[in-house]
Amino acid sequence: MDGHVTGPRVLLKHLRDAMAEPLGPQERLNRIVQQIAVAMTAQVCSVYVLRDDDVLELFATFGLNPTAVHMSQLKVGRGLVGTIAAMRRPLNLPDAQQHPAFAYLPETGEEIYKSFLGVPMTRAGRSLGVLVVQTRESRRFGTEEVEALETAAMVLSDLVATGELKGLSQQGTDLVQTRPIMLNGLRLSPGIGIGRVVLHEPRVVVENLIAEDSDTELQRLAVAIRKMRRSVDAMLENRDMGGEGDHVDVLESYRMFAHDRGWVKRIEAAIAQGLTAEAATQKVSQDNRRRLVRSGDSYLRERLTDFDDLTRRLMKELMGEAQPSLDEEGDFIVVARDMGAAELLDYSRPGLRGVVLEEATATSHVAIVARALGLAVVGKVEGAVARCEMGNTIIADGDSGCVHIRPPDELLSSYDERIALREQRQARYIAARHEPSVTRDGTPIELLVNAGLAMDLPQIEATGAAGVGLFRTELQFMVSSSMPRVDAQAKFYRSILDAANGKPVTFRTLDIGGDKLLPYLRMSKEDNPALGWRAIRLAIDRPGLIRVQLRALLKAAAGEVLRVKLPMITDVSEVAQVRTLLNREIEARRKLGHDMPSTVHLGAMIEVPSLLWQLDELMQSVDFASVGSNDLFQFMAASDRTNSYLANRFNPLSRPFMRALREIARAADRNQTHLQICGEMAGEPIAAMALMGIGYRAVSMSPVAIGPVKEMVRMVDLSDLSQTVNRLVDEKGAAQTLTEALTDYADQHGVPI
Ligand code: PEP
Ligand code: MG
C-alpha cells in the first residue's frame, strides 16, 4: 500500500516550505497538517500537543471538525492518542474502532474514518504530543508511510520544544517543554549561575532537520563517519586489547558497531527521504533504541549504551561546525547526564557560569574541578537533560541545590537580588582576606586550598589562604594528550611554586585509576576500580612513573622546601618503599651536582581504613600526615563516593566517622607529627568547626570555601567548642544528629556556618 504516499521526500520539501513561510504559529500548524494529509493521501491529519496537566489537546486538524480544535482533549493513557503518548510507540490500525482503547470524541466527527495511524512526538525520550492520519477506507499503512509520518513528527516536536506553539492553548495551560520548571538536586558547588543552556550531548534543531540537497548530506555523512571511525579505532588502540576476557569482546563489539554497514545504510536511507545527515542519524538512533529495547536479546539491549555513545560521537562530528560558538554568546550553563573532569575543562571559558548534572556527587572529580573553576554546580538533577532545550534560560542555584529551567521574569529578578547579596558577602570575604585565621581564644587555624591546575593558583592571593594543602598532580596529566615528560613536569611544578610566591605547596603524587583515567595510559578494565590497581599501588608496581615524577619535583623545588604526599597508602611499608625510591633520586641528583631542595618532607594520605590500626607506626614513618576524608569515608561507610543514590544517605559529619578522625588527630599529637585534612568536608564551615573541636589545626579546601570558613574560625572560642564537640561525639543513643546539635551550638554562640 506504499503507493498511497507521494513520497516522504516531497512531504519534507513541503514541510520545509511551510516552516520558512512568514506565518503565525496556528496558521503554520494548519498548513503543516494539510500538507501531511495531502502527501499521505489521507482524509485527516491531526496534531495533539501534550500540556502541562498531562492532557493532550487537539492543536490543529485537517479533515476533522475545525470547531474541535483546542476543545478536544484526552488524558495521557486514554483513547488511541493517549495510548500512543503513554507508550511512545506508533499505532497502525486498519479499523480504529475495533481497538479496545478507542475513545469516541463526538465533537470531532471522526466516526466515519476507519484506518488510523498515529505516531508519538518525542524529545529525548519524553512525549510531547501525537501526530495522526486517518482514512475513510480500511487499510494498514506501509512501512515507508509510517517512517514519513515519524519524520514529520520530528519536525513538529521541534516546533513544540522551541516554544513556537506556546500560548496557543485556549485552556491557558502551559505546554510540556516550554513551561518554567524547577528541579531539585544536590548542592555540589556554591554560587548562582544564570545563562543559556548548552547541552553536552547535542540535539538536532529545526534549522538543520530538513536537507536542501541530499547529495551534500550524504557527503557530510561520509566524512563524519570516517572521522568517527578513526577516533574510535585510535581510542581502542590506546586500551589494553591484549589478553582475553569479556572486556576484549565488549571493545571489539564497539568497533564492530562503529564499522557496521547496516547502520550507515539506514542513515543513508533516511537522508534519501529528505533529512539532513544529523536528523537522519537522530532518527535511526531513535528507531534502533526502540527496536533494541523491545528485542528479547539481552546482549543487544546491553549494547544500547555503545550505540548511544557512537551516535553521540557521530553527531558531534556532524554538528561540530553548527554548534553555537561558546565564545561569543554570553553566559552559559552546561547541562549533562554526567561528564568527566577533562570534558568539563573543554568548556572552560569566560562565559561558563555553572553545570547541571543528572549524576555526580560532591566528591566526584567533575564536581571538584567545577569548584576549582568557581562554577555553581547542581548534581543529581533527574530528568534535567530531557527537560532542557539548547538556548533555554536556566538558573543553576548551587547554594540551595535547585535548577530553574525557563524561569519567569519575576524569578529572574529575585535572583538578581540574591546575586547582589552574594556579591556583598564575597566583598566581605575579600576584605577579610588579610585578617588572621585565629580563633577568639587565640589558636591559629591554617586554612589551605586544594588545587590541581595552574589557573587555581591566583586563588591563594585572592582568598588569603596560607598555601596549597593538596595539589592534585593527576589533573595536569588528565588534560594532556600524552604523558608529560620530566622537563615538562618540572617546569609545570616550578610555575606552581612561583605562583604560590613562597607559601607552602604540598604536591600529591599521581592518584590515577578509580574514576581518574589517563587517555594515553593502557589500563585494563577492572570490576571495582576504586578498590583496584590505583594510586600508590600502581606507582610501586610500575615505579617508572613515580620516579619521573619525583625527579621532576626535586628539580622544580631546588633551593626550597619540597612537600610530597602519597595517595591511598594501605600499609606503612608502602611509605618506606617510596622513601627508598625518593632517596635514590636524591642521591642521583646529588651525584650529578644538581641543586637540591633545602628539605624534603614526605607525607602520607590517610584514606584507607587499615591505617587506623597502624597510626603510631605511620606517624613515626612520615614527616606529615594528611587525611583524605573523601576516600576514607567512602571506604569506612562502604558507600561509593560517585554514586548519587547514596549522596543523602551517609554523612561524614557523623559520630562514628568523627570518632575515627579524632583517633587520627590524637595519634598525630602523641607523635608530634604535623596533620592536616583535605577532603571536601573541610570546606563546609559546620564540618570544619567540628574538625577543629576534635583537634585539627590545618584544613585544606576548595578556594570558594576559605572566606566562609575563616568567618567561622574567627567567631569560635576553641576551648569551649572542643569540650562541646568531644562530648557530642561521645554521646550514645543521642536524640539529635551531630549536625543538628552543632547547628544549635553555632546558633547559640553566633558562629556563622
Ligand atoms: C580524598 O580522598 O579526600 C582526597 C582529598 O583525594 P581525592 O578527592 O583526590 O581522591
Ligand atoms: Mg582520595
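1. In this predicted model, Asp 631 has a relative accessibility of 2% and therefore counts as buried, since the cut-off for that class is under 20%. This residue is a convenient place to begin, because Asp 631 sits in helix α22 (residues 629-636) and forms a pair with Glu 607, the two being the protein donors of the magnesium ion (ligand 2).

2. At the magnesium ion (ligand 2), the donor atoms come from Glu 607 (OE) and Asp 631 (OD), and they lie 2.0 Å from the ion. Glu 607 belongs to the loop between β19 (599-606) and α21 (615-621), whereas Asp 631 is part of α22, so the pair ties together parts of the chain that are 24 residues apart in sequence. Glu 607, like its partner, is assigned a relative accessibility of 2%, and it therefore also counts as buried.

3. Glu 607 also appears among the residues touched by Arg 508, a list that leaves out residues up to four places away in sequence. Arg 508 is located in strand β17 (residues 505-508), and with a relative accessibility of 3% it counts as buried. Its side chain makes a polar contact with the side chain of Glu 474, at 2.6 Å. Other residues in contact with Arg 508 include Leu 470, Phe 471, Arg 472 and Thr 473, together with Lys 516, Gln 549, Lys 565, Pro 567 and Met 605.

4. A separate matter is the packing of helix α24 (residues 685-693) against helix α26 (residues 718-730), whose axes come within 8 Å and cross at roughly 95°. That angle falls between 65 and 115 degrees, and the two helices are therefore described as roughly perpendicular to each other. On the α24 side the contact is made by Met 689, Ala 690, Met 692 and Gly 693, which meet Leu 718, Leu 721, Ser 722, Val 725 and Asn 726 of α26. Sorted by class, this contact comprises six nonpolar and three polar residues, with no charged ones.

5. Helix α24 also packs against helix α27 (residues 738-748), here at an angle of about 90° and with the axes 11 Å apart, so α24 and α27 are likewise roughly perpendicular to each other. Ile 686, Met 689 and Ala 690 of α24 meet Thr 739, Leu 742, Thr 743, Tyr 745 and Ala 746 of α27, and the contact holds six nonpolar, two polar and no charged residues. Met 689 and Ala 690 thus take part in the contact with α26 as well as in the contact with α27.

Methods:
Residues are numbered from 1 along each chain as its sequence is written. Chains are lettered from A and ligands numbered from 1 in the order in which they are written. This is a predicted model: local features need pLDDT of at least 70, side-chain atom pairs count only at pLDDT 80 or more; totals for chains, interfaces and linings use all residues. Side-chain values use heavy atoms; hydrogens and water are left out. Axes are lines fitted to C-alpha atoms, for helices over the stretch in contact, and angles run from 0 to 180 degrees between N-to-C directions. Helices (H or I, at least four residues) and strands (E, at least two) are DSSP runs, numbered from the N terminus. Angles under 35 degrees count as roughly parallel, over 145 as roughly antiparallel, 65 to 115 as roughly perpendicular and the rest as oblique. Contact means heavy atoms within 4.5 Å. Ala, Val, Leu, Ile, Met, Phe, Trp, Tyr, Cys and Pro count as nonpolar, Asp, Glu, Lys and Arg as charged, and the others, Gly among them, as polar. Buried means under 20% relative accessible area, exposed over 50%, partly exposed in between (1.4 Å probe, protein chains only). A polar contact is a pair of N or O atoms within 3.5 Å; within protein, one must be able to donate a hydrogen and the other to accept it, and residues adjacent in sequence count only if both atoms are side-chain atoms. Donors are N, O and S atoms within 2.8 Å of the metal (3.2 Å for Na, K and Ca); water is not among the atoms, so sites may look incomplete.
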